[in-house]
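This report describes the strand pairing, the helices and the ligand surroundings of one structure. The sequence and the model are shown first.

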Amino acid sequence: MRPRRFVVAVTGASGAAYSQRLLELLGASGADIHLLVTSWGRRLIKDELGMGRFDLDELTRGHAERVRLHNENDVGGVPGSGSFVHDGMVIMPCSANTLGRVAAGMTDNLVHRAAACTLKERRKLVLCHRETPLTLIEIENMATVARAGGIIAPLNPGFYLGPTSVQDILDFMVGRVLDLLEVEHDLSTRWEDHVSDSSPGDDSSS
Ligand SMILES: Cc1cc2nc3c(=O)[nH]c(=O)nc-3n(C[C@H](O)[C@H](O)[C@H](O)COP(=O)(O)O)c2cc1C
């Protein structure tokens, strides 16, 4: 049986640290990763992760051997074919531009093409959009992708688990995406592990 295999795309939205953590944990899980990075995604990786030049080993925190990096302009790359069987595609972070192109069914780079194939083959597509506030254009694009079977998972961390570091905030989102991909992890992201038995308004513990 082949190892699990995922397509990960990084586009030019803020949040490169999320993709770094996702790649690290997918690599550690033993999955194969087909990585697509747009030119604006590379710019964000360099700026936000402080990389002088794009470095796959640093981006994956030592799991580069699990990654096949594709040229974003090569729409003939293997993830651009519906015959390429995989276990899910994540666009993290997903720019409003890429969201709009996926919603419109445009396929002028390998990210859009791979996303279109993932939808048409009824495989799992997760879009981790990052922008705020939203216009009706983005909201309608999200609705279109959701109707086509995609999962909209905005980079929108919760605070109910009491994060005390940026790492906790990254892990919250990455843990939710790993859950969507059905990849096991031991991040501390589950309410059931934190919840107490108190009811709303019950301050009997004080
Ligand atoms: C520093 C910087 C931060 C950006 N952050 C975002 C963002 O958070 N969300 C977004 O939708 N676009 C953001 N953009 C704009 C996108 O990079 C731009 O729309 C680009 O065309 C996206 O191309 P891509 O989808 O091919 O990566 C940012 C651009 C820069 C330079």
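## Strand β1 and its partners

In this predicted model, strands β1 (residues 5–10) and β2 (residues 32–37) run parallel and are joined by six bridges. Within this pair, Ala9 of one strand faces Leu36 in β2. The connection also involves a helix: β1, α1 and β2 together form a β-α-β unit of right-handed sense.

β1 also pairs with β4, again in the parallel sense, through three bridges. Two residue pairs illustrate this register: Val7 has Met89 as its bridge partner in β4, and Val8 lies opposite Val90 in β4. β1 is mostly covered, with five of its six residues buried.

## The sheet as a whole

The strand pairs described above belong to an open sheet of six strands, arranged in the order β3-β2-β1-β4-β5-β6 with parallel pairing. Its edges are formed by β3 (67–70) and β6, each of which pairs on one side only. As a general point, the strands of a sheet pair through backbone hydrogen bonds, in either a parallel or an antiparallel arrangement.

## Strand β5 and its surroundings

Strand β5 spans residues 125–129, and five of its five residues are buried. The cover extends to both faces of β5: Leu125, Leu127 and His129 are buried on one side, and Val126 and Cys128 are buried on the other.

Two strands pair with β5. Four bridges connect it in parallel to β4 (residues 89–94), where Ile91 has Leu127 of β5 as its bridge partner. Two bridges connect β5, also in parallel, to β6 (residues 151–152), and Val126 has Ile151 of β6 as its bridge partner. A right-handed β-α-β unit is made by β5, helix α6 (residues 136–147) and β6.

## Helices α1 and α7

Helix α1 (16–28) contains 13 residues, and the distance from its first C-alpha to its last is 18 Å, close to the 18 Å expected at 1.5 Å a residue. Its buried residues are Ala16, Tyr18, Ser19, Gln20, Arg21, Leu22, Leu23, Leu25 and Leu26. Just after α1, Gly30 adopts a positive phi of about 90°.

Helix α7 (residues 166–180) has 15 residues and extends 22 Å from its first C-alpha to its last, close to the expected 21 Å. Leu170, Asp171, Phe172, Met173, Val174, Gly175, Val177 and Leu178 are buried in α7. The elements covering these buried residues include α1, β4 and β5. Just after α7, Glu182 has a positive phi of about 60°. In general, an α-helix has 3.6 residues a turn, so residues three or four places apart point the same way.

## The ligand shell

Which elements supply residues to the shell around the ligand? Helices α2 (39–49) and α4 (96–104) each contribute at least two, and the largest share, three residues, comes from α4.

In total, 13 residues surround the ligand, and the closest are Thr11, Gly12, Ala13, Thr38 and Ala96. By class, the shell comprises three nonpolar, eight polar and two charged residues.

## Leu44 in helix α2

Leu44 belongs to helix α2. Why does Leu44 count as buried? The classification follows because Leu44 has 22 C-beta neighbours inside 10 Å, and a residue is buried if 20 or more lie within that distance.

Beyond residues up to four places away in sequence, Leu44 touches Gly12, Ser14 and Ala16. Among these contacts, Gly12 is also one of the residues closest to the ligand, and Ala16 is one of the buried residues of α1. Leu44 and Gly15 are 29 residues apart in sequence, with their C-alpha atoms 7.9 Å apart in space.

Terms used. Residues numbered from 1 in each chain as written. Predicted model: local features only at pLDDT ≥ 70, side-chain atom pairs only at ≥ 80, totals over all residues. Buried ≥ 20, exposed ≤ 12 C-beta atoms within 10 Å, placed from the backbone. Pairing = 2+ DSSP bridges. Right-handed = clockwise from strand over helix to strand, strands pointing away. Near = placed C-beta within 6 Å. Nonpolar A, V, L, I, M, F, W, Y, C, P; charged D, E, K, R; others polar. Expected span 1.5 Å × (residues − 1). Contact = placed C-beta atoms within 7 Å.
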